[in-house]
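Here is a brief report on a chain and its ligand. It goes from the overall fold to the ligand shell, then to one helix.

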Amino acid sequence: MTEEPVEPKQELAPPPDGKPGGAAAWIFGGWIGALVAVLVVAAWLVGKDEGRRQAENAAPTQVATAPPAKTTAKPEPAAPAGPGKQLFATKCGSCHTLKAAGTNGAVGPSLDDLQPDAALVEAAIQNGGAGSGAMPKGLAAGNDAKQIADFVAQAAGG
Ligand code: HEC
């Protein structure tokens with residue numbers, strides 16, 4: 001209890017056989033060890049406190065900024081009024097029935113019954129229906145074809 005109260009904190013490996021460390025080295029090492037231990041404990045305490053404070057600050061914000069995003073909502077099936085409708089009525093209506101476009105052609109299948117999706121309509125426009133030759137190829141192209149396809153898909157609910 002008299003001198004070197006930090007002696008037990010000494011963590012240096014014991015000197016190898018036959019080479020006893022000097023008393024100065026032990027004391028010096030002890031001081032360094034004590035100092036390092038104090039610094040480590042202090043840093044740990046500060047860090048712990050800091051981390052807890054940050055966590056407390058951050059927690060409410062993280063919870064608040066995560067609203068469930070629903071992106072799968074389908075557009076309303078109501079028939080859109082756009083260029084697609086007019087194009088369909090002009091180019092397709094003589095052969096196809098589609099209520100939303102006000103057509104009642106009966107050469108090809110009723111698209112209200114067929115309910116094609118946009119990809120099928122575009123393919124049909126490009127290839128001429130399913131390829132029987134009864135429907136002309138390439139009645140529309142590019143943006144026109146796409147607008148007709150979108151219109152039919154939405155109007156027919158495909
Ligand atoms: C001259 C008449 C005629 C016109 C004009 C016409 N079609 Fe057709 N269509 C048909 C016939 C007949 C079929 C069924 C035979 C076939 O698929 O080859 C058909 C089939 C289709 C099909 C079904 C294809 C499948 O794979 O089942 C779609 C979709 C279609 N037409 C869309 C259109 C669109 C869109 C237009 C306008 C750009 C159009 N048609 C214009 C006669 C026509």
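The chain holds 5 helices and 2 strands. Read from the N terminus, the order of elements is α-α-β-β-α-α-α. This is a predicted model. Of the 158 residues in the chain, 15% are buried. Take the contacts between residues at least 6 apart in sequence: 53% of them join residues at least 24 apart.

**Ligand shell**

The ligand has 25 residues around it. C92, C95, G108, G129 and M135 come nearest. Two elements, α4 (118-127) and α5 (142-156), each give two or more residues to this shell. The largest share is that of α4, with 4 residues. The shell splits by class as follows.

| Class | Residues in the shell around the ligand |
|---|---|
| Nonpolar | 18 residues |
| Polar | 6 residues |
| Charged | 1 residue |

**Helix α4**

Which residues of α4 are buried? They are V121, A124 and I125. These residues lie on the same side of α4, because they cover an arc of only 100 degrees around the axis. The other side of α4 has A119 and N127, which are exposed.

What do the buried residues of α4 pack against? Their partner is α5. Both α4 and α5 also give two or more residues to the shell around the ligand.

After α4 comes G128. The phi of G128 is positive, near 85 degrees.

Definitions and conventions
Residues are numbered from 1 along each chain as its sequence is written. This is a predicted model: local features need pLDDT of at least 70, side-chain atom pairs count only at pLDDT 80 or more; totals for chains, interfaces and linings use all residues. A residue is near a molecule or strand if its C-beta atom, placed from the backbone, lies within 6 Å of it. Ala, Val, Leu, Ile, Met, Phe, Trp, Tyr, Cys and Pro count as nonpolar, Asp, Glu, Lys and Arg as charged, and the others, Gly among them, as polar. A residue is buried if 20 or more other C-beta atoms lie within 10 Å of its own, exposed if 12 or fewer, and partly exposed in between; C-beta atoms are placed from the backbone. Two residues are in contact if their C-beta atoms, placed from the backbone, lie within 7 Å. The arc is that of the directions from the helix axis to the C-beta atoms.
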